[in-house]
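This briefing concerns the ligand and the protein residues that surround it. Please view the structure before reading the points below.

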Amino acid sequence: MGRLHGKVAIVTGGAAGIGQATCQVFSDEGAAVVIADVNAKAGKATEREIAAAGGNVRFVKTDVADEASIQRMVKAVVREFGRIDILVNNAAVFVLRGIDATVEEWHQILDVNVIGTALVSKHVVPEMRKAGGGAIVNLGSISSFIAQPQFVTYNATKAAISNMTRCMALDLAPDNIRVNAVCPGTVWTQIVEKLNREQGRDRAAADKHPEWGGASLLKRIADPVEIARTILFLVSDDSSYVTGANLIVDGGYTAV
Ligand SMILES: NC(=O)c1ccc[n+]([C@@H]2O[C@H](COP(=O)([O-])OP(=O)(O)OC[C@H]3O[C@@H](n4cnc5c(N)ncnc54)[C@H](O)[C@@H]3O)[C@@H](O)[C@H]2O)c1
């Protein structure tokens with residue numbers, strides 16, 4: 001029997017990248033999985049792929065920057081599956097700007113990365129309480145802890161995620177809800193691929209480049225499934241005594 005047998009999981013931003021890999025890994029472990037993503041085309045494609053592999057999966061179009069959209073999603077999940085046990089707050093936008101970011105750019109990234117994470121949690125937690133507990137994983141980053149050039153906007157949101165995780169863990173422990181963050185280093189998803197392709201690098205060259213894969217101790221960029229497996233650990237009973245943690249998964253990038 002899978003480690004998530006009988007559980008119902010929501011993954012925001014589950015249509016692509018780390019979120020998509022997480023949906024597949026959760027499904028392989030027996031969970032019913034909800035892909036809550038704003039991108040309907042990619043969300044439906046991921047739904048088809050996981051269903052073809054035998055998964056119990058639904059795509060529910062959701063904009064985490066819109067509270068009414070979140071409320072509709074949570075209602076739809078409860079109507080269909082009756083409960084919610086697991087939430088992965090993974091959706092994010094990559095507004096990579098320095099100190100000259102505009103007010104609009106700040107609102108764009110704060111609304112999705114920070115307020116989106118808070119509001120999805122707000123509407124899912126009452127359902128977890130009814131289920132007797134649950135597990136939430138937020139996606140932080142090494143950017144939660146370090147400075148990177150011209151990343152003021154993004155790194156501010158990821159630092160917020162890191163301490164929101166501790167605060168939520170404190171407040172929700174009495175409800176038997178564990179809250180942790182996974183903080184990846186560089187992962188081969190669409191943003192990393194785009195930034196490298198713009199510089200004429202393919203995956204092999206990006207793995208070797210001193211500012212990308214070469215900056216990690218393992219000398220390569222991570223695959224999304226390597227982050228997904230860490231998220232699986234944190235939502236499963238294998239981590240039953242872990243809460244309030246920011247688990248760095250960076251191939252040793254920040255170790256030195
Ligand atoms: N890729 C990396 O190197 C890396 C490193 C550290 C942390 N992270 C974090 O991991 C998470 C996933 O990153 P990724 O690279 O897989 O991203 P991605 O861009 O590949 O996928 C993000 C998904 O979120 C969805 N999304 C965006 N805005 C949304 C909204 N308002 N509502 C609902 N869905 C929305 C997108 O449609 C997309 O499917 C993010 O939180 C990111 O900050 C990524």
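A molecule sits in a pocket if more than half of its atoms lie within 2 Å of the grid points of that pocket. In this predicted model, the ligand sits in the largest pocket.

**Surroundings of the ligand**
- The ligand has 29 residues around it, and those that come nearest are Ile 18, Asp 37, Tyr 154, Val 187 and Thr 189.
- By type, the shell consists of 15 nonpolar, 11 polar and 3 charged residues.

**Polar contacts and burial**
- A side-chain N or O atom of Asp 63 is 2.9 Å from a nitrogen atom of the ligand.
- For Val 64, a backbone N or O atom lies 3.0 Å from a ligand nitrogen atom.
- At Asn 90, a polar backbone atom is 2.9 Å from an oxygen atom of the ligand.
- The ligand exposes 830 Å² when taken alone, and the protein buries 92% of that area.

**Helices and domains**
- At least two residues of the shell come from each of helix 1 (17-28), helix 5 (152-172) and helix 6 (190-198).
- The ligand lies between domain 1 (8-185 + 224-248) and domain 2 (186-221), because both domains give residues to the shell around the ligand.

Terms used. Residues numbered from 1 in each chain as written. Predicted model: local features only at pLDDT ≥ 70, side-chain atom pairs only at ≥ 80, totals over all residues. Heavy atoms only, no water. Near = heavy atom within 4 Å. Polar contact = N/O pair within 3.5 Å; in protein donor to acceptor, adjacent residues only side chain to side chain. Areas by Shrake-Rupley, 256 points an atom, 1.4 Å probe, with all protein chains shown as cover. 1 Å grid on protein atoms, 1.4 Å probe; cavity = no way out; pocket = protein on both sides within 12 Å on 5 of 7 lines; lining within 4 Å. Helix = DSSP H or I, 4+ residues; strand = E, 2+ residues; numbered from the N terminus. Nonpolar A, V, L, I, M, F, W, Y, C, P; charged D, E, K, R; others polar. Domains from an automatic or database assignment.
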